[in-house]
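Me: I should like a close look at one helix of this model and at its surroundings. Please describe its buried residues, its covering and its packing, and then place it among the other parts of the structure.

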Amino acid sequence: MAVEIDPFHAIGISTLAHELKAKGASIIHMEFGQPSTSAPRAAIEAAHRVLDTDPMGYWESPALRTRISRHYAETYGLEVEPERIVLTCGASPALVLALTSSFSPGDRVATARPGYVAYRNTLKALHLQPEEIPCGHDTRYQLTAEALAAIEPAPAGVIIASPANPTGTLIEPQELAAIARVCRDRGIRIVSDEIYHGLSYVAPARSVLEFEPSALIVNSFSKYFSMPGWRLGWLVASAESVARARALVGNLFLMPPSLSQHAALAAMDAREELEGYVAVYRRNRQLLLEALPSLGLAEIAPPDGAFYIYADVGHLTSDSLEFCKQLLRDTGVATASGVDFDPVEGRRFIRMSFAVSTPEVEEALARMRPWFAARAAEAA
(Lines give C-alpha, C1' and ligand atoms only; values in the text may rest on other atoms or scores of the structure.)
Protein backbone atom coordinates (compact mmCIF):
# COMPACT_ATOMS: atom_id res chain seq x y z
CA MET A 1 0.00 0.00 0.00
CA ALA A 2 1.27 3.48 -0.85
CA VAL A 3 2.38 5.55 2.15
CA GLU A 4 0.84 8.97 2.74
CA ILE A 5 3.55 11.60 3.12
CA ASP A 6 2.87 15.09 4.46
CA PRO A 7 3.92 18.00 2.24
CA PHE A 8 6.91 20.17 3.15
CA HIS A 9 5.01 23.42 3.65
CA ALA A 10 8.14 25.60 3.47
CA ILE A 11 8.34 24.67 -0.22
CA GLY A 12 4.84 26.07 -0.68
CA ILE A 13 5.87 29.27 1.11
CA SER A 14 8.89 29.54 -1.17
CA THR A 15 6.73 29.00 -4.25
CA LEU A 16 4.45 31.82 -3.14
CA ALA A 17 7.50 34.01 -2.50
CA HIS A 18 8.78 33.45 -6.03
CA GLU A 19 5.33 34.15 -7.48
CA LEU A 20 5.20 37.46 -5.62
CA LYS A 21 8.74 38.29 -6.73
CA ALA A 22 7.78 37.66 -10.37
CA LYS A 23 5.04 40.27 -9.89
CA GLY A 24 7.56 42.82 -8.64
CA ALA A 25 7.57 42.28 -4.89
CA SER A 26 10.79 42.62 -2.89
CA ILE A 27 11.34 39.28 -1.14
CA ILE A 28 13.66 38.35 1.71
CA HIS A 29 14.07 34.57 1.81
CA MET A 30 14.20 33.35 5.41
CA GLU A 31 12.07 30.25 4.81
CA PHE A 32 14.79 27.77 3.84
CA GLY A 33 17.91 26.69 5.68
CA GLN A 34 20.35 27.42 2.91
CA PRO A 35 23.29 29.83 2.90
CA SER A 36 22.90 32.91 0.73
CA THR A 37 26.68 32.82 0.21
CA SER A 38 28.34 31.00 -2.67
CA ALA A 39 30.66 28.02 -2.54
CA PRO A 40 34.19 28.99 -1.50
CA ARG A 41 36.30 30.57 -4.23
CA ALA A 42 38.74 27.64 -4.23
CA ALA A 43 35.86 25.22 -4.86
CA ILE A 44 34.59 27.22 -7.82
CA GLU A 45 38.10 27.51 -9.27
CA ALA A 46 38.60 23.76 -8.91
CA ALA A 47 35.31 23.15 -10.72
CA HIS A 48 36.38 25.38 -13.62
CA ARG A 49 39.68 23.50 -13.95
CA VAL A 50 37.97 20.12 -13.94
CA LEU A 51 35.38 21.16 -16.50
CA ASP A 52 38.20 21.96 -18.92
CA THR A 53 40.28 18.85 -18.30
CA ASP A 54 38.17 15.92 -17.08
CA PRO A 55 35.34 14.19 -19.00
CA MET A 56 34.06 12.92 -15.64
CA GLY A 57 31.72 10.01 -15.07
CA TYR A 58 30.58 7.65 -12.31
CA TRP A 59 33.16 8.09 -9.59
CA GLU A 60 33.62 8.21 -5.83
CA SER A 61 36.69 10.27 -4.93
CA PRO A 62 39.17 8.36 -2.76
CA ALA A 63 40.92 11.66 -2.05
CA LEU A 64 37.72 13.23 -0.73
CA ARG A 65 36.94 10.25 1.51
CA THR A 66 40.47 10.44 2.88
CA ARG A 67 40.12 14.20 3.45
CA ILE A 68 36.82 13.69 5.29
CA SER A 69 38.52 11.05 7.41
CA ARG A 70 41.23 13.61 8.26
CA HIS A 71 38.48 16.11 9.11
CA TYR A 72 37.24 13.79 11.87
CA ALA A 73 40.76 13.49 13.26
CA GLU A 74 41.40 17.24 13.15
CA THR A 75 38.00 18.39 14.37
CA TYR A 76 36.98 15.72 16.88
CA GLY A 77 40.14 13.72 17.56
CA LEU A 78 38.44 10.62 16.13
CA GLU A 79 39.76 7.90 13.87
CA VAL A 80 37.26 7.21 11.09
CA GLU A 81 38.54 4.90 8.35
CA PRO A 82 37.95 6.25 4.81
CA GLU A 83 36.34 2.91 3.93
CA ARG A 84 33.44 3.75 6.29
CA ILE A 85 32.68 7.01 4.48
CA VAL A 86 30.07 6.74 1.71
CA LEU A 87 29.68 9.79 -0.53
CA THR A 88 26.09 10.66 -1.44
CA CYS A 89 24.03 13.18 -3.42
CA GLY A 90 23.45 15.31 -0.33
CA ALA A 91 22.39 14.50 3.23
CA SER A 92 18.93 13.26 2.22
CA PRO A 93 20.24 10.13 0.44
CA ALA A 94 22.68 9.65 3.33
CA LEU A 95 19.71 9.54 5.70
CA VAL A 96 17.95 7.03 3.44
CA LEU A 97 21.08 4.87 3.43
CA ALA A 98 21.47 5.08 7.19
CA LEU A 99 17.88 3.94 7.73
CA THR A 100 17.71 1.25 5.06
CA SER A 101 21.08 -0.26 6.00
CA SER A 102 20.23 -0.46 9.71
CA PHE A 103 16.49 -1.10 10.12
CA SER A 104 13.74 -3.36 8.78
CA PRO A 105 10.22 -2.37 7.72
CA GLY A 106 8.04 -1.91 10.78
CA ASP A 107 10.88 -0.93 13.10
CA ARG A 108 10.19 1.99 15.42
CA VAL A 109 12.61 4.92 15.31
CA ALA A 110 12.40 7.73 17.86
CA THR A 111 12.81 11.39 16.94
CA ALA A 112 12.39 14.68 18.77
CA ARG A 113 9.30 16.76 18.20
CA PRO A 114 9.90 19.46 16.96
CA GLY A 115 12.33 18.08 14.44
CA TYR A 116 13.25 18.20 10.79
CA VAL A 117 10.22 17.33 8.67
CA ALA A 118 12.11 14.81 6.52
CA TYR A 119 12.89 12.57 9.51
CA ARG A 120 9.22 11.77 9.99
CA ASN A 121 8.37 11.55 6.31
CA THR A 122 11.44 9.56 5.25
CA LEU A 123 10.74 7.04 8.01
CA LYS A 124 7.16 6.72 6.77
CA ALA A 125 8.25 6.36 3.14
CA LEU A 126 10.60 3.54 4.12
CA HIS A 127 7.78 1.76 6.04
CA LEU A 128 9.43 2.49 9.37
CA GLN A 129 7.42 3.84 12.29
CA PRO A 130 8.38 7.30 13.57
CA GLU A 131 7.94 7.64 17.32
CA GLU A 132 7.99 11.36 17.97
CA ILE A 133 8.90 12.37 21.52
CA PRO A 134 7.52 15.77 22.56
CA CYS A 135 10.41 18.00 23.63
CA GLY A 136 9.73 21.40 25.15
CA HIS A 137 11.54 24.47 26.38
CA ASP A 138 12.57 22.66 29.58
CA THR A 139 14.84 20.31 27.59
CA ARG A 140 15.76 22.96 25.04
CA TYR A 141 13.61 21.10 22.49
CA GLN A 142 16.04 18.16 22.50
CA LEU A 143 15.72 14.46 23.24
CA THR A 144 17.20 13.36 26.55
CA ALA A 145 18.59 10.10 27.85
CA GLU A 146 15.76 10.07 30.39
CA ALA A 147 13.13 10.27 27.64
CA LEU A 148 14.77 7.47 25.67
CA ALA A 149 15.01 5.30 28.76
CA ALA A 150 11.28 5.74 29.37
CA ILE A 151 10.09 4.50 25.94
CA GLU A 152 8.50 1.06 26.28
CA PRO A 153 9.27 -1.09 24.51
CA ALA A 154 12.62 0.27 23.38
CA PRO A 155 12.63 1.51 19.79
CA ALA A 156 15.01 -0.02 17.27
CA GLY A 157 16.64 3.33 16.64
CA VAL A 158 16.77 7.04 17.32
CA ILE A 159 17.61 10.05 15.16
CA ILE A 160 19.34 12.89 16.98
CA ALA A 161 20.58 16.24 15.72
CA SER A 162 22.90 18.68 17.46
CA PRO A 163 22.65 21.50 16.42
CA ALA A 164 19.04 20.80 15.56
CA ASN A 165 16.59 21.98 12.95
CA PRO A 166 14.34 23.97 13.59
CA THR A 167 15.65 25.16 16.95
CA GLY A 168 19.43 25.42 16.61
CA THR A 169 19.89 23.86 20.04
CA LEU A 170 22.90 21.74 20.98
CA ILE A 171 22.87 18.59 23.08
CA GLU A 172 25.37 19.07 25.90
CA PRO A 173 28.31 16.61 25.87
CA GLN A 174 27.27 14.96 29.14
CA GLU A 175 23.79 14.42 27.74
CA LEU A 176 25.21 12.95 24.50
CA ALA A 177 27.23 10.53 26.63
CA ALA A 178 24.13 9.61 28.63
CA ILE A 179 22.09 9.08 25.44
CA ALA A 180 24.83 6.80 24.12
CA ARG A 181 24.80 4.76 27.35
CA VAL A 182 21.02 4.34 27.29
CA CYS A 183 21.11 3.31 23.64
CA ARG A 184 23.84 0.73 24.28
CA ASP A 185 21.98 -0.69 27.25
CA ARG A 186 18.68 -0.90 25.36
CA GLY A 187 19.97 -1.95 21.93
CA ILE A 188 18.91 1.31 20.23
CA ARG A 189 20.86 2.19 17.07
CA ILE A 190 21.82 5.88 16.83
CA VAL A 191 21.59 7.90 13.62
CA SER A 192 23.10 11.35 14.18
CA ASP A 193 22.40 14.21 11.78
CA GLU A 194 25.50 16.40 12.06
CA ILE A 195 24.80 18.57 9.02
CA TYR A 196 25.07 21.81 11.03
CA HIS A 197 28.43 21.06 12.57
CA GLY A 198 30.75 24.02 12.14
CA LEU A 199 27.84 26.41 12.73
CA SER A 200 28.01 26.83 16.51
CA TYR A 201 28.03 30.07 18.48
CA VAL A 202 28.37 29.02 22.12
CA ALA A 203 30.58 25.91 22.00
CA PRO A 204 31.83 23.52 19.31
CA ALA A 205 29.44 20.71 18.45
CA ARG A 206 30.57 17.24 19.53
CA SER A 207 30.12 14.23 17.28
CA VAL A 208 28.20 11.36 18.82
CA LEU A 209 30.95 9.11 17.45
CA GLU A 210 33.00 10.25 20.43
CA PHE A 211 30.50 8.50 22.69
CA GLU A 212 29.21 5.71 20.44
CA PRO A 213 31.64 4.52 17.72
CA SER A 214 28.96 2.38 16.03
CA ALA A 215 26.60 5.33 15.43
CA LEU A 216 25.76 6.28 11.86
CA ILE A 217 26.56 9.88 10.93
CA VAL A 218 24.83 11.96 8.27
CA ASN A 219 26.58 15.09 7.02
CA SER A 220 26.73 17.34 3.99
CA PHE A 221 28.51 20.15 2.18
CA SER A 222 25.27 22.17 2.06
CA LYS A 223 25.46 24.16 5.31
CA TYR A 224 28.90 25.01 6.72
CA PHE A 225 30.61 24.55 3.34
CA SER A 226 27.92 26.68 1.62
CA MET A 227 27.37 24.26 -1.27
CA PRO A 228 23.65 23.29 -1.17
CA GLY A 229 23.17 23.28 -4.94
CA TRP A 230 26.16 20.99 -5.49
CA ARG A 231 24.22 18.11 -3.89
CA LEU A 232 26.99 16.35 -2.02
CA GLY A 233 26.96 14.70 1.37
CA TRP A 234 28.29 11.67 3.17
CA LEU A 235 27.37 8.86 5.51
CA VAL A 236 29.76 7.48 8.10
CA ALA A 237 28.53 3.90 8.26
CA SER A 238 29.29 1.50 11.05
CA ALA A 239 31.68 -1.37 10.39
CA GLU A 240 28.66 -3.71 10.42
CA SER A 241 26.53 -1.67 7.99
CA VAL A 242 29.04 -0.25 5.50
CA ALA A 243 28.88 -3.16 3.01
CA ARG A 244 25.08 -2.99 2.93
CA ALA A 245 25.18 0.82 2.62
CA ARG A 246 27.55 0.57 -0.36
CA ALA A 247 25.33 -2.01 -2.06
CA LEU A 248 22.32 0.22 -1.55
CA VAL A 249 23.98 3.42 -2.75
CA GLY A 250 25.18 1.69 -5.91
CA ASN A 251 21.68 0.52 -6.75
CA LEU A 252 19.61 3.45 -5.56
CA PHE A 253 21.77 6.48 -6.30
CA LEU A 254 24.92 5.37 -8.17
CA MET A 255 27.46 8.13 -7.43
CA PRO A 256 27.30 11.80 -6.47
CA PRO A 257 28.30 14.34 -9.16
CA SER A 258 31.99 14.13 -10.03
CA LEU A 259 32.24 17.90 -10.40
CA SER A 260 30.91 18.41 -6.88
CA GLN A 261 33.45 15.99 -5.43
CA HIS A 262 36.37 17.87 -7.02
CA ALA A 263 34.99 21.17 -5.73
CA ALA A 264 34.31 19.83 -2.24
CA LEU A 265 37.89 18.65 -1.84
CA ALA A 266 39.04 22.23 -2.38
CA ALA A 267 36.28 23.62 -0.13
CA MET A 268 37.50 21.61 2.84
CA ASP A 269 40.67 23.71 2.99
CA ALA A 270 38.92 27.08 2.52
CA ARG A 271 38.47 27.53 6.26
CA GLU A 272 39.26 31.25 6.45
CA GLU A 273 36.54 32.09 3.93
CA LEU A 274 34.06 29.69 5.53
CA GLU A 275 34.68 31.09 9.01
CA GLY A 276 33.94 34.51 7.53
CA TYR A 277 30.50 33.17 6.57
CA VAL A 278 29.99 31.92 10.12
CA ALA A 279 30.89 35.38 11.44
CA VAL A 280 28.04 36.82 9.36
CA TYR A 281 25.59 34.28 10.77
CA ARG A 282 26.81 35.13 14.27
CA ARG A 283 26.10 38.83 13.69
CA ASN A 284 22.68 38.01 12.23
CA ARG A 285 21.84 35.81 15.20
CA GLN A 286 22.73 38.59 17.63
CA LEU A 287 20.66 41.14 15.71
CA LEU A 288 17.62 38.88 15.89
CA LEU A 289 18.08 38.01 19.55
CA GLU A 290 18.25 41.70 20.41
CA ALA A 291 15.31 42.71 18.20
CA LEU A 292 12.76 39.90 18.49
CA PRO A 293 11.48 40.84 21.98
CA SER A 294 10.43 44.20 20.52
CA LEU A 295 8.30 42.26 18.03
CA GLY A 296 6.67 40.43 20.92
CA LEU A 297 8.64 37.25 20.21
CA ALA A 298 10.13 36.58 23.61
CA GLU A 299 9.53 32.81 23.69
CA ILE A 300 12.22 31.33 21.45
CA ALA A 301 14.49 28.33 21.53
CA PRO A 302 18.11 29.19 22.31
CA PRO A 303 19.84 29.09 18.89
CA ASP A 304 23.22 27.67 19.93
CA GLY A 305 24.06 26.70 16.36
CA ALA A 306 22.71 26.19 12.83
CA PHE A 307 21.03 29.37 11.55
CA TYR A 308 17.46 29.31 12.82
CA ILE A 309 15.18 31.07 15.27
CA TYR A 310 12.16 28.99 16.35
CA ALA A 311 9.68 31.44 17.83
CA ASP A 312 6.36 31.00 19.63
CA VAL A 313 3.64 33.11 17.97
CA GLY A 314 0.77 31.44 19.84
CA HIS A 315 -0.28 34.78 21.33
CA LEU A 316 -0.96 36.02 17.79
CA THR A 317 -2.31 33.00 15.90
CA SER A 318 -3.38 29.37 16.09
CA ASP A 319 -2.56 28.87 12.40
CA SER A 320 1.12 29.60 11.83
CA LEU A 321 0.97 28.43 8.21
CA GLU A 322 -1.58 31.08 7.24
CA PHE A 323 0.29 33.51 9.52
CA CYS A 324 3.49 32.96 7.50
CA LYS A 325 1.65 33.39 4.21
CA GLN A 326 0.10 36.68 5.33
CA LEU A 327 3.43 37.91 6.68
CA LEU A 328 4.95 37.16 3.28
CA ARG A 329 2.17 38.88 1.33
CA ASP A 330 2.24 41.98 3.53
CA THR A 331 5.99 42.42 4.09
CA GLY A 332 7.84 40.27 1.56
CA VAL A 333 9.56 38.36 4.40
CA ALA A 334 9.33 34.59 3.84
CA THR A 335 9.46 32.36 6.93
CA ALA A 336 8.56 28.74 7.67
CA SER A 337 5.59 27.49 9.63
CA GLY A 338 6.15 25.29 12.65
CA VAL A 339 3.70 22.71 11.30
CA ASP A 340 6.54 21.26 9.22
CA PHE A 341 8.53 20.49 12.34
CA ASP A 342 5.81 19.70 14.84
CA PRO A 343 2.42 18.41 13.64
CA VAL A 344 0.96 18.79 17.15
CA GLU A 345 2.20 22.11 18.58
CA GLY A 346 3.65 23.64 15.41
CA ARG A 347 0.64 25.82 14.63
CA ARG A 348 1.89 28.22 17.29
CA PHE A 349 5.49 28.46 16.03
CA ILE A 350 7.40 29.92 13.10
CA ARG A 351 11.01 29.39 12.02
CA MET A 352 13.25 32.11 10.60
CA SER A 353 16.55 31.33 8.88
CA PHE A 354 19.27 33.91 9.38
CA ALA A 355 21.55 32.43 6.68
CA VAL A 356 21.08 35.60 4.66
CA SER A 357 23.11 38.80 4.49
CA THR A 358 23.16 41.16 7.47
CA PRO A 359 21.50 43.98 5.47
CA GLU A 360 18.67 41.56 4.63
CA VAL A 361 18.19 40.74 8.33
CA GLU A 362 18.11 44.45 9.14
CA GLU A 363 15.58 45.11 6.36
CA ALA A 364 13.44 42.14 7.41
CA LEU A 365 13.28 43.48 10.98
CA ALA A 366 12.33 46.95 9.70
CA ARG A 367 9.47 45.44 7.71
CA MET A 368 8.28 43.10 10.45
CA ARG A 369 8.21 45.57 13.38
CA PRO A 370 5.08 47.47 12.32
CA TRP A 371 3.43 44.29 11.05
CA PHE A 372 3.87 42.45 14.34
CA ALA A 373 2.79 45.54 16.28
CA ALA A 374 -0.44 45.65 14.28
CA ARG A 375 -1.09 41.95 14.87
CA ALA A 376 -0.49 42.37 18.60
CA ALA A 377 -2.93 45.27 18.69
CA GLU A 378 -5.56 43.16 16.91
CA ALA A 379 -5.01 40.26 19.31
CA ALA A 380 -5.40 42.61 22.30
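**Helix α9 and its surroundings**

Reply: In this predicted model, helix α9 spans residues 258-267, and its buried residues are Ser-258, Ser-260, Gln-261, Ala-263, Ala-264 and Ala-267. These buried positions are covered by elements that include α2 (41-53), α3 (62-76), β2 (85-88) and α10 (271-291).

Of these, α2 may be taken up in detail. The axes of α2 and α9 come within 7 Å and cross at roughly 140°. Angles over 145 degrees would count as roughly antiparallel; the two helices are therefore classed as oblique to each other. The crossing in which α2 passes α9 is right-handed. On the α2 side, the contact is formed by Ala-42, Ala-43, Ala-46, Ala-47, Val-50 and Leu-51. On the α9 side, the contributors are Leu-259, His-262, Ala-263, Ala-266 and Ala-267. Ala-263 and Ala-267 thus appear in this contact and are also listed among the buried residues of α9. An α-helix has 3.6 residues a turn, so residues three or four places apart point the same way.

Helix α3, which also takes part in covering α9, contains Ser-69. With a relative accessible area of 13%, Ser-69 is buried. Setting aside residues up to four places away in sequence, Ser-69 touches Val-80, Glu-81, Pro-82 and Ile-85.

Ile-85 leads on to the nonpolar interior, since it is also among the contacts of Leu-235; because nonpolar side chains tend to be buried together in soluble globular proteins, this interior merits a description of its own. Apart from neighbours within four places in sequence, Leu-235 is in contact with Arg-84, Ile-85, Val-86, Ala-94, Leu-97, Ala-98, Leu-216, Ile-217, Val-218 and Ala-245. The largest nonpolar core has 118 residues, and Phe-221, Leu-235 and Phe-372 touch the most other members. Helix α7 (residues 173-186) supplies the largest share of this core, seven residues. A second, separate core of seven residues includes Ala-10, Ala-301, Phe-341 and Phe-349.

Three of the contacts of Leu-235, namely Ala-94, Leu-97 and Ala-98, are buried residues of helix α4. This helix covers residues 91-100, and nine of its 10 residues are buried, so it is largely enclosed by the rest of the structure. The buried set also includes Ala-91, Pro-93, Leu-95, Val-96, Leu-99 and Thr-100.

The cysteines may be treated briefly. The structure holds zero disulfides. Cys-135 is in no disulfide, and the nearest cysteine sulfur, that of Cys-183, is 13 Å away. Cys-135 counts as buried at 8% relative accessibility, and Cys-183 is buried as well, with a relative accessible area of 2%.

Finally, Ser-357 lies in the loop between β12 (349-353) and α12 (358-379). Its relative accessible area of 26% makes Ser-357 partly exposed. Beyond residues up to four places away in sequence, Ser-357 touches Ser-36 and Asn-284. The C-alpha atoms of Ser-357 and Thr-53 are 35 Å apart, with their positions 304 residues apart along the chain.

Key:
Residues numbered from 1 in each chain as written. Predicted model: local features only at pLDDT ≥ 70, side-chain atom pairs only at ≥ 80, totals over all residues. Heavy atoms only, no water. Buried < 20%, exposed > 50% of the residue type's maximum accessible area, 1.4 Å probe, protein only. Helix = DSSP H or I, 4+ residues; strand = E, 2+ residues; numbered from the N terminus. Contact = heavy atoms within 4.5 Å. Core = buried A, V, L, I, M, F, W, Y, C linked by side-chain atoms within 4.5 Å. Disulfide = S-S within 2.5 Å. Axes fitted to C-alpha atoms, helices over the stretch in contact; angles between N-to-C directions. Parallel < 35°, antiparallel > 145°, perpendicular 65-115°, else oblique. Left-handed = near helix turned anticlockwise from the far one by under 90°.
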